[in-house]
Amino acid sequence: MNNQQHKLATKLIHAGVAPDPTTGAIMTPIYQTSTYVQNAPGDHKGYEYARTQNPTRTVLQNALASIENGKYALCFGSGMAATDAVAKLLLPGDEVIVANDLYGGTYRIFTKVFANYGITFHFIDMNNPENVRGYINEHTKMIWAETPTNPLLNIVDIAAVAAIAKQHNIIMVVDNTFASPYLQNPLDQGADIVLHSATKYLGGHSDVVHGALIMKDAALEERLRFIQNSCGAVPGPHDAWLILRGIKTLHVRMQRHCENGEAIAKWLRAHPKVGKVFWCGFEDHPNHEVAKRQMRGFGGMISFTLKNDSIEAANEVLKRTELFSLAESLGGVESLIGHPATMTHASIPREDRIKNGLVDSLIRLSVGIEDVDDLIKDLEQAIG
Ligand SMILES: *Cc1c(COP(=O)(O)O)cnc(C)c1O
């Protein structure tokens with residue numbers, strides 16, 4: 001079914017999905033198979049071997065292509081496997097410009113894996129899109145941005161950076177994990193590839209690790225599909241099914257994540273023991289106007305500091321929350337709390353970390369979809 005004309009809430013439920021042709025099952029079956037029987041060599045129903053194609057995965061890929069306003073999607077065993085596939089578009093000697101406020105695993109794969117293959121990565125401040133121009137030369141093949149960023153919730157102007165990329169024939173990749181397709185569609189802003197850790201909001205229930213790439217360009221899809229099949233980091237059909245199930249409620253979950261996020265961001269800001277609150281919905285957020293233009297809401301990710309800026313003070317809060325569970329990851333229905341300095345960003349030297357705004361007391365919240373009054377009460381008793 002081509003649902004490209006429908007609105008997002010309808011597409012999330014129907015796009016790419018059709019009743020199972022053999023039984024009429026409304027929900028796509030989990031095709032738990034490694035191979036497919038052929039009538040004669042090459043005479044088959046479009047499926048040969050399950051690394052190459054699986055019907056459950058195909059339905060999910062079609063759904064994801066539709067909800068990100070792309071033409072094609074490719075699914076992977078994790079968000080990092082999707083990142084790995086994109087990086088394999090590059091050759092020795094190529095250069096990449098990367099926004100410096102970045103998921104730690106992405107920083108790690110670029111600096112510790114792909115740098116060894118003769119690819120150069122320039123990590124730059126992309127809060128001002130014009131900063132990109134100074135790093136472009138004839139070797140620049142890719143620009144990589146994440147927006148909003150983790151954990152400082154900075155915003156990159158996708159349309160402005162994509163316009164610069166286009167002028168120079170450079171591939172622009174946007175990691176859209178934090179916003180999800182509910183809040184932002186980077187392909188509409190001129191990006192070439194959208195990446196998701198579907199582990200987070202797309203899956204939404206903290207029960208699966210999964211990655212996806214979405215694009216419009218057929219030649220780019222063919223190159224990435226070749227890499228997907230050759231390198232083999234494909235998801236199992238059960239995992240694809242869990243994501244397919246998760247995205248059916250993305251809009252209702254995201255709506256509540258946004259409402260709860262707004263209430264908690266405002267409550268934190270008024271708290272006498274809280275220092276700075278990072279949330280792109282505040283009018284005085286440095287790129288609030290860009291966020292308003294390219295996003296349909298501000299999400300449920302919030303970071304804040306304590307006036308008593310110490311690891312000990314942060315630890316006291318982390319120890320006391322009951323509904324907010326101390327854990328890495330984000331985007332699930334349950335609220336999580338984390339401490340970047342000692343958890344996700346512990347590998348960054350303290351001096352560099354603090355220079356980039358990741359101070360000792362910085363606490364990150366992934367606000368879930370519980371009752372917001374209970375969440376605020378939990379924070380109130382934890383912060384004191
Ligand atoms: C989690 C995450 C990834 C990596 O995805 P995995 O599914 O954990 O491999 C990439 N980018 C962002 C922004 C993430 O939050």
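**Two sheets and the interface between two domains**

In this predicted model, seven strands make up an open sheet whose order is β1-β7-β6-β5-β4-β2-β3, with mixed pairing; two strands count as paired if DSSP finds at least two bridges between them, and helices (H or I, at least four residues) and strands (E, at least two) are DSSP runs numbered from the N terminus. At the edges of this sheet stand β1 (72-76) and β3 (120-124), each of which pairs on one side only. On average, neighbouring strands of the sheet are turned by 20° against each other, direction ignored, where axes are lines fitted to C-alpha atoms, for helices over the stretch in contact, and angles run from 0 to 180 degrees between N-to-C directions.

Residues are numbered from 1 along each chain as its sequence is written. Since the model is a prediction, local features need pLDDT of at least 70 and side-chain atom pairs count only at pLDDT 80 or more, while totals for chains, interfaces and linings use all residues, and side-chain values use heavy atoms, with hydrogens and water left out.

Within the seven-stranded sheet, strand β5 (residues 171-175) runs parallel to strand β6 (residues 193-197), and three bridges join the two; D175, for instance, has L195 in β6 as its bridge partner. Two helices can then be placed against these strands, with contact meaning heavy atoms within 4.5 Å. Helix α2 (residues 55-67) lies across β1 and β7 (211-215) and runs at about 130° to β1, whereas helix α7 (residues 218-231) lies across β1, β5, β6 and β7, at about 20° to β1.

The domain assignment divides the chain into domain 1 (3-247) and domain 2 (251-383), these bounds coming from an automatic or database domain assignment. The centres of the two domains, taken over C-alpha atoms, are separated by 26 Å, and 35 residues of domain 1 are in contact with 36 residues of domain 2. The size of an interface is often given as the accessible area lost when the parts come together. Here the buried area (accessible area, 1.4 Å probe, that two parts lose on being put together, summed over both) is about 3000 Å², and carbon and sulfur atoms give 57% of it. Y182, L183 and Y201 supply 26% of the area that domain 1 buries against domain 2, more than any other three residues.

Polar pairing across this interface amounts to 17 residue pairs in polar contact, both residues being at pLDDT 80 or more; such a contact is a pair of N or O atoms within 3.5 Å, and within protein one must be able to donate a hydrogen and the other to accept it, while residues adjacent in sequence count only if both atoms are side-chain atoms. On the side of domain 1 that touches domain 2, α1 (8-14), α5 (158-167), α6 (180-183) and α8 (237-247) each supply at least two residues, and the largest share, four residues, comes from α6. The rule also finds one salt bridge across the interface, a salt bridge being a side-chain nitrogen of Lys or Arg within 4 Å of a carboxyl oxygen of Asp or Glu.

A second sheet, open and of five strands, has the order β8-β9-β12-β11-β10 with mixed pairing. Strands β9 (residues 301-306) and β12 (residues 363-366) run antiparallel and are joined by four bridges, with R364 in β12 as the bridge partner of S303.

The structure holds 14 salt bridges, among them the one between E259 and R256, whose closest N and O atoms are 3.5 Å apart. Because E259 and R256 are three residues apart in helix α9 (residues 250-269), about one helical turn separates them.
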